[in-house]
Amino acid sequence: MKTKIINLTAAFTFVIFASCKNETKSSGADTDQKEYMGKEIGTKFDKEIDKLVAQMTLEEKVGMLHGNSMFTTAGVERLGIPELRMADGPLGVREEISRDSWKPAGLTNDFATYYPAAGALAATWDTEMGYLFGSSVGEEMRARDKDMLLSPAINIIRTPLGGRTYEYMTEDPFLNKKFAVPLVVGLQDNDVMACVKHFAANNQETNRDYVDVQIDERTLREIYLPAFEATVKEGKAYAMMGAYNKFRGEYLCENDYMLNKILRDEWGFEGVVVSDWAAVHTTVKSLQSGLDIEMGTTKPFNEFFLADKLIAAVKNKEISEAEIDKHVKRILRVLFQVKAMGGKDRVKGSIATEAHYQDAYKIAAEAIVLLKNEKNALPLKLDGVKSIAVIGNNATKKNALGGFGAGVKTKREVTPLEGLKNRLPASVKINYAEGYLERYDLSNRGNLGNITAEGPVTIDKLDPAKLQEALEAAKNSDVAVIFAGSNRDYETEASDRRDLKLPFAQEELIEKVLAVNPNTIVVMVAGAPFDIDAVTQKASAVVWTWFNGSEGGNALADVLLGKVNPSGKLPWTMPKKLADSPAHATNSFPGDKVVKYEEGILVGYRWFDTKNVAPLFPFGYGLSYTTFAVDNAKADKAAYAENETISVTVEVKNTGKVDGKEVIQLYSSKSDSKVSRASKELKGFKKVLVKSGSTETVTIKVPVKELAYYDVTSKKWTVEPGKYTFKIGTSSRDIKKEIAVTIK
Ligand code: BGC
């Protein structure tokens, strides 16, 4: 990977990254958003596949349709068909699990790179990072000899309480698809299948095993499905994971409407549908509704719904053998596609290499969001600084493991404290204090790893000795940095959080530290929104970092010290309070047996902007150490036909003293629409590097079809003619220019 270091001023050195792997995929000028397109599943092996299937026994065929271990399905050795080998997950290749239990296999060669979580990836607002992420993980998958990554996880963030918010990307369907597609393409370019999950309408952990999600058709199409659709139509994803819950009364792994009608018939999906683990409830119905592979938990694998029961169903003529063949052929096709069969030059891959750690660093550095920076408190100026207090359990907490399928076993996880130690000159003394204790009340839970409907209960009380230590460190240091937020035990799969409060009495700690040293920076390490209203009002600088991968601590130190100018933008809205968020304002979370998404299309900023509710920090928000002026926005024409693409250009001037990157965001709005619409919807964006004092012209292309709404009567995406207003800005609430375009 090429890395250019450009010396700018005496004060700062910024690291600017040059892309390399996807250079050939550029669609044009540097300021254009790159487009990514995957490879179709080929048909050239079909004859060979037919021959293989003709030689297989019913038992051998059925063996391919269900787990024969925790993460494999059976092959047929005598015919040269290998096992299909899967691995989690969204933050990097998960450690090897035992074949028949959830226990780690205890290997020493399954260490991997821990990549920034999906929320961080989306916060880069640089889709090349999506490709980089996919291709880097793809190489690691191949080094572990795997065929299918159980990722990307692209469910829409409907509630800020979601336990898996950090695993998912965003609340916005457009941003979601713009990252999901390059990730899938990058992964599959390395002879690995992406298994896009969790299809679909799986937006909460509470009652996920049975809750019946009710979403009106337009909302389903406009908010919850676009990224899945794009991974099929553009990314050409080879696999899709059916979710746990029900949708309109049917479990998603036996949902004919979702799996057969939408996924296959409408979108032309040709890959395989894999169940989430133990998400299958029937035999014949599941298979006929579009499921191909049942994966599950630890019970004897032959007792799965698609195992002995399926053999019996064929023998009883409840289902034909031809139907079984159809599913087996789909699996064989994707095995050929990734060269697990038939190919000679399959990618060999590499794992936990320095190059991959640097990939993780690049994403991490682009993802960090500067939320507040009064009086230029950041970057830290070291002139005359002899000591820095580093306070908070999160300064040393490691986050690679945890969260079930999203855990990664890694040899490198640079913590925030280690990052500062690596980057600060030896002359600066670090006074570390843990500050708050990570403590839970487990009386109703047993241990943290237990799957429960509700999130962990935290003990929100400061330990007097720890508090004293933190106050002493803050008092005796020139500057203090508090590392607050959450962790992967608190934000986790299988339960949603109970509220937005900062756990472990961190707010009290922050207030007390600020009182003894006003020169205190707050760094949030977290993957989901928290109520940091009071903290933000009191602290002069607030930085948001994520579960930010192996190199997260180094990237963070580089931002704090000004080597990297922050350029991340929030991929979701940070509400002032929970009740402001749409699912909560409409009292439609979490439901019990049924959850009805009452807010409809008004998810995330669509709700806040349409209902005029002020967020704490809006979608798309993030500051820089420089300032930008946005000017001269224009469209290339005044009027467009439905099959055309609108090209909008805008000038971005860096009006500050250091180089920096800005994300130009284009939202469309149609005030005279005949259907109800959100006040604005993201339709394009571009991250651009602008040198201090320079101006760059950014081009954002908007295909007119992106302006369509889903018409439930005609069941078609429909572009209304007439006037649209494009709002161009640097967050959903910071609109700098408006232009009008007409659709003929
Ligand atoms: C999760 C999936 C994961 C699977 C295998 C399930 O509980 O929902 O995302 O891939 O486990 O670990």
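# Worked exercises on a predicted model

Buried residues account for 64% of the 744 residues in the protein. Keep in mind that this is a predicted model.

**Exercise 1. What radius of gyration does the protein have, and what would a compact globule with 744 residues have?**

Solution. Start with the reference: for 744 residues, a compact globule would come out near 27 Å. The protein has 25 Å, which agrees. Next, the box: along the principal axes, the C-alpha atoms fill roughly 80 × 65 × 50 Å. Then count elements, and you get 19 helices and 30 strands. Last, look at contacts between residues at least 6 apart in sequence: 76% of them join residues at least 24 apart.

**Exercise 2. Is Lys687 buried or exposed? Find its polar partners too.**

Solution. First place the residue: Lys687 belongs to strand S25, residues 681-690. Its relative accessibility is 9%, and buried means under 20%, so Lys687 counts as buried.

Now follow the side chain of Lys687.

- One of its polar atoms lies 2.8 Å from the backbone oxygen of Thr124.
- The side chain of Glu366 makes a polar contact with the side chain of Lys687, at 2.6 Å.

Finally, list the contacts of Lys687, leaving aside neighbours within four places in sequence. These are Thr124, Trp125, Asp126, Glu366, Ser567, Gly568, Lys661, Glu662 and Val663. Both polar partners, Thr124 and Glu366, show up in that list.

**Exercise 3. How many aromatic pairs are there? Work through the geometry of Trp544 with Trp546, then Tyr605 with Tyr667.**

Solution. The count comes to 24 aromatic pairs. Take Trp544 and Trp546: their ring centres are 6.0 Å apart and their planes meet at 65°. Planes over 60 degrees apart count as edge-to-face, so that is the label for this pair. As for burial, Trp544 has 0% relative accessibility and counts as buried, and Trp546, at 2%, is buried as well.

Tyr605 and Tyr667 are also edge-to-face, with 5.7 Å from centre to centre and 80° between the planes. Tyr605 sits in helix H19 (residues 605-610) and Tyr667 in strand S24 (residues 660-669), so the pair ties together parts that are 62 residues apart in sequence. Both tyrosines, Tyr605 and Tyr667, are buried.

Now widen the view: Tyr605 and Tyr667 belong to one aromatic cluster together with Trp125, Phe174, Phe619 and Phe685. Trp125 is a name you've met already, among the contacts of Lys687.

**Exercise 4. Which rings have the charged end of Lys309 or Lys611 sitting over them?**

Solution. Go lysine by lysine. For Lys309, the ring is that of Phe305, with the charged end 4.9 Å from the ring centre. For Lys611, the ring is that of Trp607, and the distance to its centre is 5.1 Å.

**Exercise 5. In what order do the five strands of the open sheet that includes S24 and S25 run, and which strands are at the edges?**

Solution. Write down the order: S22-S30-S29-S24-S25, an open sheet with mixed pairing. The edge strands are S22 (639-640) and S25, each of which pairs on one side only. Lys687, from Exercise 2, lies in S25, and Tyr667, from Exercise 3, lies in S24.

Now zoom in on the S22 end. S22 is joined to strand S30 (residues 734-743) by two bridges, and these strands run parallel. For Ala639, the bridge partner in S30 is Thr742. As background, strands of a sheet pair through backbone hydrogen bonds, either parallel or antiparallel.

Notes:
Residues numbered from 1 in each chain as written. Predicted model: local features only at pLDDT ≥ 70, side-chain atom pairs only at ≥ 80, totals over all residues. Heavy atoms only, no water. Helix = DSSP H or I, 4+ residues; strand = E, 2+ residues; numbered from the N terminus. Buried < 20%, exposed > 50% of the residue type's maximum accessible area, 1.4 Å probe, protein only. Polar contact = N/O pair within 3.5 Å; in protein donor to acceptor, adjacent residues only side chain to side chain. Contact = heavy atoms within 4.5 Å. Phe/Tyr/Trp six-rings, centres within 6.5 Å; stacked < 30°, edge-to-face > 60°. Lys NZ or Arg CZ within 6 Å of the ring centre and 35° of its normal. Pairing = 2+ DSSP bridges. Rg over C-alpha atoms; globule rule 2.2 N^0.38 Å.
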